[in-house]
Structure formats: C-alpha cells, structure tokens
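Please open the structure in the viewer and follow the selections below in order. Each stop states what to select and what is found there.

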Amino acid sequence: MSVELYRPGLEGIPAAKSSISFIDGKQGLLEYRGIRIEKLAEQSSFLETSYLLIWGELPSQSELRAFEHDIRYHRRIKYRIRDMMKCFPESGHPMDALQASAAALGLFYSRRALDDPTYIRNAVVRLLAKIPTMVAAFQLMRKGNDPVQPCDDLDYAANFLYMLNEREPDELAAHVFDVCLTLHAEHSMNASTFSAMVTASTLTDPYAVIASAVGTLGGPLHGGANEEVIEMLEQIGSPENAEAYVDDCVKNKKKIMGFGHRVYKVKDPRATILQDLAEKLFAKFGGDRYYEIALELERIVEDRLGSKGIYANVDFYSGLVYRKLGIPTDLFTPIFAIARVAGWLAHWKEQLEENRIFRPTQIYSGQRDRAYTPLSER
Ligand code: ACO
C-alpha cells in the first residue's frame, strides 16, 4: 500500500459511485437526483422529495398518495419501545435516545430480506414514519409527560410539531418545518452517510444502518454544529461583540460554528434558503435578538475568512428557525436526523443494488517482531 495514496479523512477520495445528489462547492449548487434544491424547497414536500431520493423519480399523484398514506398509518410505535424509552435517563442527549430507539426497531422487525422490494419499501416506510414519533416521545417523556399519539389528520411536518408541542401548529410554522426537512434530506458522501453505507455493505438490517448513521451525525463537526451555533450566539451576547469574538477565534485557531464546509467554498445554498425562512417566521411571530448577532457575525466572518472559502453552512441559520418554532436546542440534531433518514435510506438502497463490503486497507505504523516479556518480569 503506497503512502502517497493515503489521505486523512479520505479527503478527496471517491468511495462510491452515486446518482442521488450532486454538489458543486464552488458554485454553491446542490441537486437531488438532478433537481435544484431551491426548486424542491419551493415546490415539493419532504415526503415527495424522500420518494425522489429513494426511488430516483418524482412519484406520480397516485404513487405519492399511497406513500403518504402508508407513512401516516405507520407512525405509531410499539408500547414496548415507549416503555424502553421511559427507562432512558432524562438527562441523556436526545441523539443517544434516538440512536438506541432506532436500533431497537430491529428487534421488532427482525425479518431480513434485502432482495425483496416489498421488504425494502416497508423498511423505508417504517423508518420515515417512526423516527419522528420516537424523537417527540423522548422529548415529552423526559419532561415527565406521556407521549402524544400521532394525529392521522395531520401531514408529516405538522404531525411532528403536534406531537412535540401537544397542539396543532400554525400553518406557516408547519410549512417552514417541512422545507427544513427537505433541505436536510440528503447531502452526498458525508460522514454519517458513509457510516450508513459501511454498515449497509455488511448486509445487516436497515435499522442498524440508520442507528449507526444517527451516531455519526451527532458529533459537533457534523450535525451537532447547529446546537453549538446557538450556544455561540448566546456567548457573544450582542452584535457589538461579534468582531472581537471572530478575531479571537482566528487568532487562536478556534472554529466558528456554522461556518466552513469540506465541499462548499461559497455560502451553502441551504443557508440562504434557511435565512429566508427565518425572516418569514420573524415577520409573522416577531424577531429574535440572536438574528441581529448572527447577521453581524456572518458579515465579519466573510470579511476575515471569506478569502479562505469559509462561509455560512446549513447549520448556521437552521437553529434560529428551530428556535422560532419553539424547538429546544438539543432537539436540533435529532430533527436533522429525521430529515436525513431519507438520504441514508436512498444510499442504503443504492448500496444494496451493487454491494461490495467496505474493507479499506491501512498503513501499519506500529512495531514488528517484538519479544514478549513475561508478566513476572514487568
Ligand atoms: N472557523 C474558523 N476557521 C475555520 C473554520 C471555521 N468554522 N472552518 C475551517 N476553518 C479554517 C481552519 O482553521 C483551517 O485554517 P488553516 O488552513 O489556517 O489551518 C482551514 O479553514 C481549513 O479547515 P479544515 O478544518 O481543514 O477544513 P475541513 O474541510 O476539514 O473542515 C468543517 C470542514 C469540519 C466543516 C470545518 O469547517 C468546521 O469545523 N466548521 C465548524 C463546524 C461546523 O459548522 N460543522 C458543520 C458542517 S455542515 C454539516 O456537517 C451538516
């Protein structure tokens, strides 16, 4: 194995062929199955987009109706899963709760028939349907309340907000939330998707695939950054402090959360759409003092780091949107996971179509041929 081929983090190394999403990081362009994200955010819905990602084509009207219907009626979770979740410590992070609950689904749906399209479809429906219910259930249970049952009259996004807040959401809030899910549904070969694909390549069950991806998404360099953005804005406190904060980070080589991306070298197109959604919410429900800080921070980061290609990423404005929707900060990443299940499932399906188990190699850098010193002599 040649050392020249080695790239830490596999940076720039293609690990698979995929026709699911396309990113041009220099132009700030993202397409799902060839369709621009701006178009989907404006005209599609999260479930229609999920269908597109997973099966490669936009559904016909009847296909979409059937898909939405199936998901609507599979939202409930078994009481044993709820009981298991009740035993989780309320101080635990909701991402850990989600990872454990997603993995637990594998206990209940243990049949594995990866070459059967009906099995694949059922797993897709179950995961898309039940993950939001599990996120909302943990949120209520950790507050000491009973979980709220899904409401069959509400569509996907509205139902999640209903289960979370125990009341029907405002129409604009539900619409904005649905667009947020669309924006987060897929993003090519990132860490959690790679994790899902490695797990999928062993031909294990889809619940283990999603559980491993959830675990990977939770880290602060990946999906966990949106939580840290809010903490950072809190710490900065007011727009006047933003400049000193950025200068201190640059001087001490500290990462500014919500900025920078391995692929985008301009502003993330999703950040632009999220900023617009945040403004729509502020216009209807009143502003957020953090937004003023965010605007000033973005201006200064662009000034100081724009020449290095460091601009706002998807996580920068998503937290402000979720805050306005009344969502607690530590649910931001589980919500990211609710959306990204669509992308992970698309990659799972694609992986199965031409599977080869992931088994990279390594460059051994340890010692060889050492003597064993008996314990009595150490
Ligand atoms: N703030 C300040 N400087 C930064 C930032 C940032 N957010 N991001 C990168 N840089 C600087 C680095 O210090 C480095 O500078 P140097 O060349 O002088 O040493 C240079 O830009 C390259 O940085 P890397 O970390 O090597 O870039 P990489 O492509 O590996 O990192 C990453 C991408 C992990 C997203 C990084 O930008 C980061 O940590 N951002 C903050 C966390 C964040 O917002 N994550 C969410 C990403 S989007 C997502 O996963 C959904």
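The lining of the largest cavity comprises five nonpolar, two polar and two charged residues. To display this lining in the predicted model, select Arg-76, Ile-77, Arg-82, Thr-133, Ala-137, Pro-147, Val-148, Gln-149 and Pro-150. They surround about 60 Å³ of space.

The structure contains two cavities of 30 Å³ or more, and the second largest has a volume of about 30 Å³. Select Arg-75, Ala-129, Pro-132, Thr-133, Tyr-156, Asn-159, Phe-160 and Met-163 to see its lining. Two or more of these residues come from each of α6 (117–142) and α7 (156–165); α7 contributes the most, with four. By class, this lining has five nonpolar, two polar and one charged residues.

Next, turn to the largest pocket, which holds about 1900 Å³ of space. Which of its 49 lining residues are closest to its centre? Select Met-189, Asn-190, His-261, Arg-262 and Val-263 to find them. Then colour β1 (21–24), α9 (191–200), α12 (242–251), α15 (314–324) and α16 (332–353), each of which supplies at least two lining residues. Domain 1 (19–220 + 330–353) and domain 2 (225–324) each provide at least three residues of this lining. Its composition is 23 nonpolar, 16 polar and ten charged residues.

Finally, keep α15 selected and add helix α8 (residues 171–184); their axes come within 11 Å and cross at roughly 160 degrees. The two helices are therefore roughly antiparallel. The crossing of α8 and α15 is left-handed.

Definitions and conventions
Residues are numbered from 1 along each chain as its sequence is written. This is a predicted model: local features need pLDDT of at least 70, side-chain atom pairs count only at pLDDT 80 or more; totals for chains, interfaces and linings use all residues. Side-chain values use heavy atoms; hydrogens and water are left out. On a 1 Å grid over the protein atoms alone, a cavity is a set of points where a 1.4 Å probe fits but cannot get out, and a pocket is an open set with protein on both sides within 12 Å along at least five of seven lines; lining residues have an atom within 4 Å of a point. Grid points are joined across faces, edges and corners, and a volume is the space filled by probe spheres set on the points. Ala, Val, Leu, Ile, Met, Phe, Trp, Tyr, Cys and Pro count as nonpolar, Asp, Glu, Lys and Arg as charged, and the others, Gly among them, as polar. Domain bounds come from an automatic or database domain assignment. Axes are lines fitted to C-alpha atoms, for helices over the stretch in contact, and angles run from 0 to 180 degrees between N-to-C directions. Angles under 35 degrees count as roughly parallel, over 145 as roughly antiparallel, 65 to 115 as roughly perpendicular and the rest as oblique. A crossing is left-handed if the near helix is turned anticlockwise from the far one by less than a right angle, and right-handed if clockwise.
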